[in-house]
Amino acid sequence: MEKLREILEQCLTEELGQIVISKARQDKNITKVKIRPVLMKGELYFQASTTVGTRQLHKNYRKEEMIGEILELMERQFGQLQLTSRKTDATALVSKKGKMTVKSKKHRALDSCEVSLEHNRQKEYILPVGKPVEFLIDLGVMRSDGQIVHAKYDKFRQINRFLEFIADILPQLDKDREITIVDFGCGKSYLTFAMYYYLHHIKEYDVRIIGLDLKEDVICRCNELRARYGFEKLDFCIGDIAAFERKEPVDMVVTLHACDTATDFALAKAVGWSASVILSVPCCQHELNEQISCEALEPVLSYGIIKERMAALVTDALRAQMLQEQGYETQILEFIDMEHTPKNLLIRAVKTGKAGKKNDRLDRCMEFLHVEPTLKHLLSSKENREATDEKKFD
């Protein structure tokens with residue numbers, strides 16, 4: 001409990017994102033408590049929104065009162081706490097016997113995010129409603145008056161959520177030179193256009209973006225729109241991720257709904273380029289579903305749909321861990337469902353500048369599940385080539 005108190009003392013500031021307290025142990029009618037910072041008459045408070053049945057009750061606390069309330073809730077009533085802030089993520093779990101386990105992780109990737117402290121907070125989008133944006137109008141997301149087409153509101157929210165991820169990593173991109181971004185599997189390029197518009201026109205970065213996709217008609221349409229908007233450093237190319245080569249440096253790699261092992265090839269290329277940032281929303285993780293085998297988990301894996309979902313989650317967790325071995329700080333974050341798939345996890349990896357470190361537990365995990373992901377082979381091949389090159393120069 002003291003460790004949790006220490007974390008709360010550090011994180012209950014205006015930089016807190018939110019705290020979610022859940023898994024009720026006693027009164028099952030009270031299912032969740034969400035806590036966020038609010039500014040009232042120039043003073044910082046913390047608003048607790050408690051879900052009681054179908055109702056939500058709100059109460060505002062000063063910092064010390066809020067800490068005391070949280071500790072009491074975790075001691076008496078709830079089994080799980082999740083905290084996110086600009087620089088720290090933390091979880092607290094309470095066992096059936098009442099033992100609390102607290103874990104925290106510091107990260108750098110959210111240093112640029114802004115936390116709204118408005119008491120009656122309304123969603124403020126990076127691309128605001130009511131301000132016409134030409135490419136959103138042409139893509140059918142926005143009307144000429146800046147209002148959102150009702151049927152495309154989810155797409156509008158998805159675009160803005162993606163731009164929030166971009167905003168988070170801006171400190172990793174050098175504003176004093178041209179930044180190169182490769183978008184693998186760009187498709188109709190809603191997000192590619194949004195990324196260029198945000199970085200170049202709003203944030204005034206010197207940015208070059210290359211979008212790659214296999215569909216010739218889609219790429220032709222994207223290049224037509226790019227020319228119409230005058231997006232001079234936005235180029236779309238027809239090509240396969242695995243075959244794509246570029247000798248010049250790449251600062252950021254984006255891969256959204258690249259199917260199955262295409263994501264692995266994109267991640268491996270990003271590592272090969274030593275890209276500062278990787279944003280990946282994987283899709284159709286079939287490979288491990290065919291491999292995964294574990295006698296201890298056989299009762300669970302005997303259900304096809306459970307096995308499929310478990311294999312997908314394991315695939316992305318292993319990918320994130322392998323990127324950590326390559327010297328990246330990784331997070332798996334919730335995104336918004338893509339247009340053609342319900343996949344909604346985003347892997348964000350930020351280059352730390354430190355040498356990667358071998359994780360023996362990761363190898364044991366893959367051995368336990370009897371899986372060998374494509375990314376493992378691609379990164380192993382890269383390491384073997386580098387080792388061979390070093391020997392040539394010895």
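What follows walks through strands, salt bridges, a cavity and a surface patch in a predicted model.

Residue numbers start from 1 along each chain as its sequence is written, and side-chain values use heavy atoms, with hydrogens and water left out. Since the model is predicted, local features need pLDDT of at least 70 and side-chain atom pairs count only at pLDDT 80 or more, while totals for chains, interfaces and linings use all residues.

Strands come first. Helices (H or I, at least four residues) and strands (E, at least two) are DSSP runs numbered from the N terminus, and two strands pair if DSSP finds at least two bridges between them. Strand β5 spans residues 78-85 and is mostly covered, with 6 of its 8 residues buried. "Buried" here stands for under 20% relative accessible area, "exposed" for over 50%, and "partly exposed" for whatever falls in between (1.4 Å probe, protein chains only). β5 has strand β1 (residues 16-24) as an antiparallel partner, joined to it by 7 bridges; in that pairing, I19 sits opposite L83 of β5. β5 also runs antiparallel to strand β6 (residues 88-94), this time through 5 bridges. Q80 has L93 in β6 as its bridge partner, and just 2 residues separate β5 and β6 in the hairpin they form.

Further along the chain, strand β13 (residues 328-334) is mostly covered as well, as 5 of its 7 residues are buried. Its pairing with strand β14 (residues 345-351) is antiparallel and takes in 7 bridges. Within it, Q331 faces R348 of β14.

Helix α5 (residues 190-202) holds A194, which counts as buried because its relative accessible area is 0%. A194 and L163 are 31 residues apart in sequence, yet their C-alpha atoms are 7.5 Å apart in space.

Now for the charged pairs. Side chains of opposite charge can pair when their charged atoms come close. With a salt bridge taken as a side-chain nitrogen of Lys or Arg within 4 Å of a carboxyl oxygen of Asp or Glu, a search of the whole structure turns up 19 of them. One of these joins K233 to D206, with 2.7 Å between the closest N and O atoms. The two come from distant parts of the chain, 27 residues apart: K233 from the loop between α6 (216-229) and β10 (234-238), D206 from the loop between α5 and β9 (207-213). K233 is partly exposed at 24% relative accessibility, and D206 is partly exposed too, at 31%. Both residues belong to a network of salt bridges that links E178, D206, R208, K233 and D235.

A second pair brings K269 and E245 together, at 3.7 Å from N to O. Here again distant parts of the chain are linked, 24 residues apart: K269 lies in helix α7 (residues 262-272) and E245 in the loop between β10 and β11 (252-259). K269 is buried, at 14% relative accessible area, whereas E245 is exposed, at 62%.

The third pair is D264 with R319, whose closest N and O atoms are 2.9 Å apart. D264 is in helix α7 and R319 in helix α10, so this salt bridge ties together parts 55 residues apart in sequence. D264 is buried at 2% relative accessibility, and R319 is buried at 2% as well.

D264 and R319 turn up again around a cavity, where they line the space along with D260, Q285, H286, E287, L288, T315 and P373. The elements giving two or more residues to that lining are α8 (287-291) and α10. A cavity is a set of points on a 1 Å grid over the protein atoms alone where a 1.4 Å probe fits but cannot get out, and lining residues have an atom within 4 Å of a point. The whole structure has 1 cavity of 30 Å³ or more. The largest cavity holds about 40 Å³, the volume being the space filled by probe spheres set on grid points joined across faces, edges and corners.

On the outside, V300, Y303, I305 and I306 make up a nonpolar surface patch of about 370 Å². Patch members have over 30% relative accessible area and no salt bridge, with nonpolar side chains (Val, Leu, Ile, Met, Phe, Trp, Tyr) joined within 5 Å; areas come from the Shrake-Rupley method with a 1.4 Å probe. I306 lies in helix α10 (residues 304-325) and is partly exposed, at 38% relative accessible area.

Key:
Patch = residues over 30% accessible without salt bridge, like charges linked within 9 Å, V, L, I, M, F, W, Y side chains within 5 Å. 1 Å grid on protein atoms, 1.4 Å probe; cavity = no way out; pocket = protein on both sides within 12 Å on 5 of 7 lines; lining within 4 Å.
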